[in-house]
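Biologist: I'm new to reading models like this one. Could you pick a single part and take me through it slowly, then show me how it fits with what is around it?

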Amino acid sequence: MSFISVFDVLGPNMIGPSSSHTAGAAVIAFLAHKLMAPPLTRADFTLYGSFAKTYHGHGTDRALLGGVLGFSPDDLCIRESFRIAGERGLAFTFTPNETETDVHPNTVDIRMENAAGQVMTVRGESLGGGKVRIVRINGVHVDFTGEYAAVIAIHQDKPGVVAHITKVLSDRGVNIAFMRLFREGKGDIAYSILESDGVLPDGIPEQLRTNPHIHDVMIVQP
């Protein structure tokens, strides 16, 4: 018999009526915004499955927008996310896609642009109870939940890069709980995701970027 936590029964502390459609949506967007250098100037959301059908009534749209604005699922500012986005100059759209069905029922694609002209797309799935999974970054299949502190390194698929990443973390005393590498193809762009059960120390991105094959580093604290 599997163990069920009281938090699985009661659900997360949140704003909104649904742990899947509001809390989960907010977490997905919050993780996505952590992957982009601020400030964001545009966010376009494509919704699939039940997200596409109920995003107005369940507040999924407000939750997603609140997440990319940096609000946690229990932040009352989510209720005013449309107004706050306007005040911050963040343009946004919501597009339901009910024709593509080969996806998780609660799926969203988030396309973000920042003031520096960078563009990133993130696909996330809301799994229930406020739990989520990020499954794509810029079209590359990945898998992380945001429940642990994470280092996400974008790099060329070259020998020695992963060894450099793990050495930097080891030298800083980081205990690696999970590590996965995803790539477009041999020698192409790769994403190394390393999760730790502790808070990540400052300065890791700068140290990792000393390897010329590492293009960008993102840190997601729990």
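Modeller: Let's take a close look at one strand and its sheet, and then move on to the cores, one acidic residue and a short helix. Keep in mind as we go that this is a predicted model.

Our strand is E9, which covers residues 189-196. Is it enclosed or not? Of its 8 residues, 7 are buried, so E9 is largely enclosed by the rest of the structure. Buried here means under 20% relative accessible area.

Now for the company E9 keeps. It belongs to an open sheet of 4 strands, and reading across you meet them in the order E8-E9-E7-E10, with antiparallel pairing. The edges are E8 and E10 (214-220), each of which pairs on one side only. Going from one strand to the next, the twist averages 15 degrees.

Let's walk through the pairings. On one side of E9 is E8, residues 176-183, and 7 bridges link these two antiparallel strands. To find your place, look for Met179, which stands opposite Leu194 in E9. E8 and E9 also make a hairpin with 5 residues between the strands, and there Gly187 has a positive phi near 80 degrees.

E9's other partner is E7, residues 149-156, again antiparallel, this time over 8 bridges. A handy marker is Ala149, found opposite Ser196 in E9. Step across from E7 and you reach E10, joined to E7 by 6 bridges and also running antiparallel. Here Ala150 has Val220 of E10 as its bridge partner.

So much for the sheet; now the cores. In soluble globular proteins, nonpolar side chains tend to be buried together. The largest nonpolar core in this model has 46 residues, and Phe45, Val68 and Ile110 have the most contacts inside it. Helix H2, residues 19-34, gives the most to this core, with 7 residues. There is also a second, separate core of 14 residues, including Ile165, Val168, Ile204 and Val217.

Zoom in on Phe45 in the largest core. Beyond its neighbours within four places in sequence, Phe45 touches a whole crowd, among them Leu64, Leu65, Val68, Phe92, Phe94, Val108 and Ile110. Asp109 is on that contact list too, and it deserves a stop of its own.

Asp109 lies in strand E3, residues 106-114. Its relative accessibility is 19%, and because the cut-off for buried is under 20%, Asp109 counts as buried. What does its side chain do there? It makes a polar contact with the side chain of Arg123, at 2.6 Å. Leaving aside neighbours within four places in sequence, the residues in contact with Asp109 include Asp44, Thr46, Tyr48 and Val122.

Last stop: helix H5, residues 81-88, where Ser81, Ile84 and Ala85 are buried. They cover an arc of only 105 degrees around the axis, which puts them on the same side of H5. There's a handy rule behind this: an α-helix has 3.6 residues a turn, so residues three or four places apart point the same way. What do those buried residues pack against? Their partners are helix H4 (60-68) and strand E2 (91-97). On the face of H5 turned away from the buried side, you'll find the exposed residues Gly86 and Glu87. After H5 comes Gly89, with a positive phi near 75 degrees.

Note on methods:
Residues are numbered from 1 along each chain as its sequence is written. This is a predicted model: local features need pLDDT of at least 70, side-chain atom pairs count only at pLDDT 80 or more; totals for chains, interfaces and linings use all residues. Side-chain values use heavy atoms; hydrogens and water are left out. A nonpolar core is a set of buried Ala, Val, Leu, Ile, Met, Phe, Trp, Tyr and Cys residues joined through side-chain atoms within 4.5 Å. Buried means under 20% relative accessible area, exposed over 50%, partly exposed in between (1.4 Å probe, protein chains only). Contact means heavy atoms within 4.5 Å. Two strands pair if DSSP finds at least two bridges between them. A polar contact is a pair of N or O atoms within 3.5 Å; within protein, one must be able to donate a hydrogen and the other to accept it, and residues adjacent in sequence count only if both atoms are side-chain atoms. The arc is that of the directions from the helix axis to the C-beta atoms. Axes are lines fitted to C-alpha atoms, for helices over the stretch in contact, and angles run from 0 to 180 degrees between N-to-C directions.
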